[in-house]
Amino acid sequence: MATFDNVVSTLANFKGYTGDPPTTEAEYNVFDCWEDASSAPSWDSVSADMALEEVRAKRQTAYDSVGNQLDMIYKDNLNGTTTHKASVEAVKAKYPKPE
């Protein structure tokens, strides 16, 4: 799960791991990927960050498929339309941030 890697790989205490990343709290609690396990982030924190990372990745893919957004903004300003705003709002509605 690349999402787990994206979330924890930048943390100072992270030492890396081999095999598959954890997908549950039970797996995470016995996972050996921290220099100092006592200062490892909680599963709740990691899983919340993973959920947000998944939304970001989905939104990025969707935004990329919208096309040339700067051109849309330019045309909206020129024509008084809201095509770009509507496109962005549609992506955000399709992939809402986790609560």
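How exposed is E89, in terms of relative accessibility? The value for E89 comes out at 44%, so this residue counts as partly exposed. The model here is a predicted one, and E89 makes a handy way into its salt bridges. E89 pairs up with K85, with 3.9 Å between the closest N and O atoms. That just makes the cut, because a salt bridge calls for the nitrogen and the carboxyl oxygen to be within 4 Å. Both partners sit in helix α5, which covers residues 83-94, and they are 4 residues apart, or about one turn of the helix. K85 has a relative accessible area of 51%, so this lysine falls in the exposed class; the cut-off for that class is over 50%.

The rest of α5 fits around this pair. The helix has 12 residues, which at 1.5 Å a residue should span 16 Å, and its end C-alpha atoms are 17 Å apart, in agreement with that. Buried in α5 are H84, S87, V88 and V91. Looking down the helix axis, these buried residues stay within an arc of 95 degrees, so they line one face of α5. K85 and A93 are exposed on the other side. As for what the buried residues of α5 pack against, the partners are α3 and α4.

Searching the whole structure turns up 3 salt bridges. Helix α4 (residues 69-79) holds another of them: D71 and K75 both lie there, 4 residues apart, again about one turn of the helix. Their closest N and O atoms are 3.2 Å apart. Neither end is hidden away: D71 has a relative accessible area of 31% and so is partly exposed, while K75, at 44% relative accessibility, is also partly exposed.

The D32 and K15 side chains form a salt bridge too, with an N to O distance of 2.9 Å. This pair ties together distant parts of the chain, 17 residues apart: D32 belongs to the loop between α2 (25-29) and α3 (43-66), and K15 to the loop between α1 (2-8) and α2. K15 is partly exposed because its relative accessibility is 40%.

On to helix α3. Its 24 residues should span 34 Å at 1.5 Å a residue, and the end C-alpha atoms are indeed 34 Å apart, so the two agree. Buried positions in this helix are W43, V46, M50, V55, R59, A62 and Y63. These buried residues pack against α1, α2, α4 and α5. Right after α3 comes G67, with a positive phi near 105 degrees.

One contact set between α1 and α3 can be spelled out residue by residue. T3 is part of helix α1, and with a relative accessibility of 14% this threonine counts as buried. Setting aside neighbours within four places in sequence, T3 touches M50, E53 and E54. Of these, M50 is among the buried residues of α3. E54 is found in α3 too, but at 36% relative accessibility E54 is partly exposed. Going back along the chain from E54, P41 is 13 residues away, and the C-alpha atoms of the two are separated by 19 Å.

Terms used: Residues are numbered from 1 along each chain as its sequence is written. This is a predicted model: local features need pLDDT of at least 70, side-chain atom pairs count only at pLDDT 80 or more; totals for chains, interfaces and linings use all residues. Side-chain values use heavy atoms; hydrogens and water are left out. Helices (H or I, at least four residues) and strands (E, at least two) are DSSP runs, numbered from the N terminus. Buried means under 20% relative accessible area, exposed over 50%, partly exposed in between (1.4 Å probe, protein chains only). The expected span of a helix is 1.5 Å times one less than its number of residues. Contact means heavy atoms within 4.5 Å. The arc is that of the directions from the helix axis to the C-beta atoms.
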